[in-house]
Amino acid sequence: MSVQRWGLNGDTIVPADYDGDGKTDLAVRRSSDRNFYILNSSNGTMTVRTFGIPGDMAVPADYDGDGTAEVVVWRPSDGTWYIALPDGNYSAHHWGLEGDLAVPADYSGDGRTDLAVFRPSEGTWYVLDIVTGAISIKRWGTSGDRPVQGDYSGDGRADFVVFRPSDGNWYRLNSNDGTMHSIRWGLAGDLPVPGDYDGDGKLDVAIWRPTDASWWILTSNSGIVTRAFGLSDDTPTPNAFVF
């Protein structure tokens with residue numbers, strides 16, 4: 001176990017690989033000053049970037065395929081994505097409507113994160129490839145579901161996946177063959193924490209239970225793993241971008 005103090009009370013955790021060393025960096029966004037505070041794992045230095053306005057949702061990821069995560073925010077009030085550029089400027093892309101949830105991921109398998117939103121009112125995903133302009137629309141899920149998109153099938157493309165808090169079910173639409181999968185994993189009050197816990201290149205179904213700070217992981221190749229770790233009021237890092 002390692003322990004690192006980084007951030008203040010009220011900060012939002014925004015972990016990502018900002019320095020391109022293949023490791024996730026500790027990072028927080030502070031709404032009071034709009035700053036991203038990043039602790040680079042490659043050399044221990046700090047990067048500070050002021051970006052966005054209060055109310056924006058931080059959605060850092062590698063949108064240009066250069067191997068590093070960009071500082072990015074999505075503005076729910078007008079559906080605009082703002083991507084910070086290395087020269088201090090930014091690019092803006094309108095994609096989504098008020099009430100949508102940001103669900104960025106690499107749905108096309110080109111190594112770049114795509115702009116995407118999940119519209120709870122109709123259970124529909126809208127994906128925009130900002131390189132080619134291609135649009136993909138998928139109906140998957142219902143209002144109240146929590147999108148937990150990612151590559152569960154191991155084909156290099158994100159699958160459309162939702163976690164339904166009301167019944168603890170995960171519903172997945174595979175990107176590689178369009179097959180549908182469902183599994184019950186979790187209880188009311190659990191938080192979905194998908195991640196590749198066994199290192200096989202596929203996201204695993206997993207939940208964190210605040211009542212006893214326990215992790216319940218259904219790995220794709222080694223069965224069930226349970227761990228007690230944290231306190232009931234902690235924020236599990238893999239849940240940082242589950243909106």
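Two residues are in contact here when heavy atoms of theirs lie within 4.5 Å. With that in hand, here are some notes for a first look at this predicted model.

1. A good place to begin is asparagine 35, which belongs to strand β3. Setting aside neighbours within four places in sequence, asparagine 35 is in contact with Val28, Arg29, Arg30, Val48, Arg49 and Thr50. Its side chain takes part in two listed polar contacts: one of 3.1 Å with the side chain of tyrosine 37, and one of 2.3 Å with the side chain of threonine 50.

2. Is asparagine 35 buried or exposed? The relative accessible area of asparagine 35 is 10%, and the cut-off for buried is under 20%, so asparagine 35 counts as buried.

3. Just before it in the numbering comes arginine 34, located in the loop that links β2 (26–30) and β3. Arginine 34 has a positive phi near 65°, and this residue is not a glycine. With a relative accessible area of 33%, arginine 34 is partly exposed.

4. Now for the sheet around these residues. Four strands make an open sheet, ordered β1-β2-β3-β4 and paired antiparallel. Which strands stand at its edges? They are β1 (12–13) and β4 (46–50); each has a single partner strand, so one side of each has no neighbour in the sheet.

5. Within that sheet, β3 (residues 35–39) is joined to β4 by five bridges in the antiparallel sense. One place to look for this pairing is leucine 39, whose bridge partner in β4 is methionine 46. As a general reminder, strands of a sheet pair through backbone hydrogen bonds, in either a parallel or an antiparallel way.

6. Further along the chain you will find another open sheet of four strands, with the order β9-β10-β11-β12 and antiparallel pairing. Its edge strands are β9 (101–102) and β12, and each of them pairs on one side only.

7. Strand β11 (residues 124–128) can be followed to both of its partners. Five bridges connect β10 (residues 115–119) with β11 in the antiparallel sense, and five bridges also join β11 to β12, again antiparallel. Threonine 124 is handy for tracing this: threonine 124 in β11 is the bridge partner of arginine 119, and threonine 124 has arginine 139 as its bridge partner in β12.

8. The hairpin of β11 and β12 has six residues between its strands, and there glycine 133 takes a positive phi near 80°. How many of the five residues of β12 (residues 135–139) are buried? The number is zero, so β12 lies largely in the open.

9. Next, the nonpolar interior. The largest nonpolar core has 14 residues, and those touching the most other members are Val59, Tyr63, Trp74, Trp81 and Trp95. Two or more residues of this core come from each of β6 (72–75), β7 (80–84), β10 and β11.

10. Tyrosine 63 deserves a click of its own. Beyond neighbours within four places in sequence, the residues in contact with tyrosine 63 include Val72, Trp81, Ile83, Leu115 and Ile130, and also Glu70, Arg112 and Asp114.

11. Last, have a look at alanine 213, in the loop between β18 (205–209) and β19 (214–219). Alanine 213 has a positive phi of about 55° although it is not a glycine. The relative accessible area of alanine 213 is 6%, and this residue is buried.

Terms used:
Residues are numbered from 1 along each chain as its sequence is written. This is a predicted model: local features need pLDDT of at least 70, side-chain atom pairs count only at pLDDT 80 or more; totals for chains, interfaces and linings use all residues. Side-chain values use heavy atoms; hydrogens and water are left out. Two strands pair if DSSP finds at least two bridges between them. Buried means under 20% relative accessible area, exposed over 50%, partly exposed in between (1.4 Å probe, protein chains only). A polar contact is a pair of N or O atoms within 3.5 Å; within protein, one must be able to donate a hydrogen and the other to accept it, and residues adjacent in sequence count only if both atoms are side-chain atoms. A nonpolar core is a set of buried Ala, Val, Leu, Ile, Met, Phe, Trp, Tyr and Cys residues joined through side-chain atoms within 4.5 Å.
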